Amino acid sequence: MYRKKIIKAYILLIIFLVGCIKVPRPCFTEERIGLNKIRFDASCSENGVKFHWKLGIKDTITESPIFEFTFPNSGEFFIILKVENKNGRKKSILAKRENKFYKSIIVN
């Protein structure tokens, strides 16, 4: 009987702690600011402290949601933004389906 109460208490604690973790929710916009130069703005993302950008030709991590990049040539690029929260959650099962944002952009 006592053991069942302890197990229930642990289960409730785990449910409570998992509910307190804020899942990162990526979002970004882009703006042309020069020839082949794009400003990416992930300010619309939620619960992010690090922003992992995959730009098709270069990967970079920033702590600022605003990032500028000059593409070496014109073309279509597949952009992936992965947002990491303060707990380091970015690849966990809890956040896996919601922590990436994909967008295709054309630079010309």
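# Definitions applied to a predicted model

Trainee: Why is asparagine 36 called buried?

Mentor: The relative accessible area of asparagine 36 is 10%. Buried means under 20%, exposed means over 50%, and partly exposed covers what lies in between (1.4 Å probe, protein chains only). The value of 10% is under the limit, so asparagine 36 is classed as buried.

Trainee: On what basis are such values obtained?

Mentor: This is a predicted model, in which local features need pLDDT of at least 70 and side-chain atom pairs count only at pLDDT 80 or more, whereas totals for chains, interfaces and linings use all residues. Residues are numbered from 1 along each chain as its sequence is written, and side-chain values use heavy atoms, with hydrogens and water left out.

Trainee: What makes the backbone of asparagine 36 notable, and where is this residue found?

Mentor: Asparagine 36 has a positive phi of about 60°, although it is not a glycine. Most residues other than glycine have a negative phi. Asparagine 36 is found in the loop between strand E1 (29-34) and E2; strands (E, at least two residues) and helices (H or I, at least four) are DSSP runs, numbered from the N terminus. Asparagine 47 likewise has a positive phi of about 60° without being a glycine, and is found in the loop between E2 and strand E3 (50-54). With a relative accessible area of 34%, asparagine 47 is partly exposed.

Trainee: Why is the contact of lysine 37 and glutamate 68 called a salt bridge?

Mentor: A salt bridge requires a side-chain nitrogen of Lys or Arg within 4 Å of a carboxyl oxygen of Asp or Glu. The N to O distance between lysine 37 and glutamate 68 is 3.6 Å, so the pair satisfies that criterion. Lysine 37 lies in strand E2 (residues 37-41) and glutamate 68 in strand E5 (residues 66-70), so the pair ties together parts that are 31 residues apart in sequence. Lysine 37, at 29% relative accessibility, counts as partly exposed, and glutamate 68, at 37%, does as well.

Trainee: How do you know that salt bridges link Glu31, Lys37, Arg39 and Glu68 in a network?

Mentor: Shared partners show it. Glutamate 68 also meets arginine 39 in a salt bridge at 2.9 Å, N to O. Glutamate 68 lies in E5 and arginine 39 in E2, so this pair ties together parts that are 29 residues apart in sequence. Arginine 39 in turn meets glutamate 31 at 3.5 Å, N to O. Glutamate 31 is partly exposed at 45%, and arginine 39 is partly exposed at 27%. The search of the whole structure finds 4 salt bridges.

Trainee: What makes E1 and E5 edge strands of their sheet?

Mentor: Two strands pair if DSSP finds at least two bridges between them. The 3 strands form an open antiparallel sheet in the order E1-E2-E5. E1 and E5 each have a single partner strand, so one side of each is left without a neighbour in the sheet. E2 and E5 run antiparallel and are joined by 5 bridges, so their pairing meets the criterion. In E5, threonine 70 stands opposite lysine 37.

Trainee: How do you know that cysteine 27 and cysteine 44 form a disulfide?

Mentor: A disulfide is a pair of cysteine sulfur atoms within 2.5 Å. The sulfur atoms of cysteine 27 and cysteine 44 are 2.1 Å apart, so the pair qualifies. The structure holds 1 disulfide. Cysteine 27 lies in the loop between helix H1 (2-20) and E1, and cysteine 44 in the loop between E2 and E3, so the link ties together parts that are 17 residues apart in sequence. Cysteine 27 is partly exposed at 22% relative accessibility, and cysteine 44 is partly exposed at 34%.

Trainee: Why is the link of cysteine 27 and cysteine 44 assigned a handedness, and which one?

Mentor: The angle about the S-S bond is -95°, and the link is left-handed.

Trainee: What makes a group of residues a nonpolar core, and which members touch the most others here?

Mentor: A nonpolar core is a set of buried Ala, Val, Leu, Ile, Met, Phe, Trp, Tyr and Cys residues joined through side-chain atoms within 4.5 Å. The largest one has 16 residues, of which Phe40, Trp53, Leu55, Phe71, Ile79 and Ile105 touch the most other members. E2, E3, E5, strand E6 (75-84) and strand E7 (100-107) each give two or more residues to this core, and E6 gives the most, with 4.
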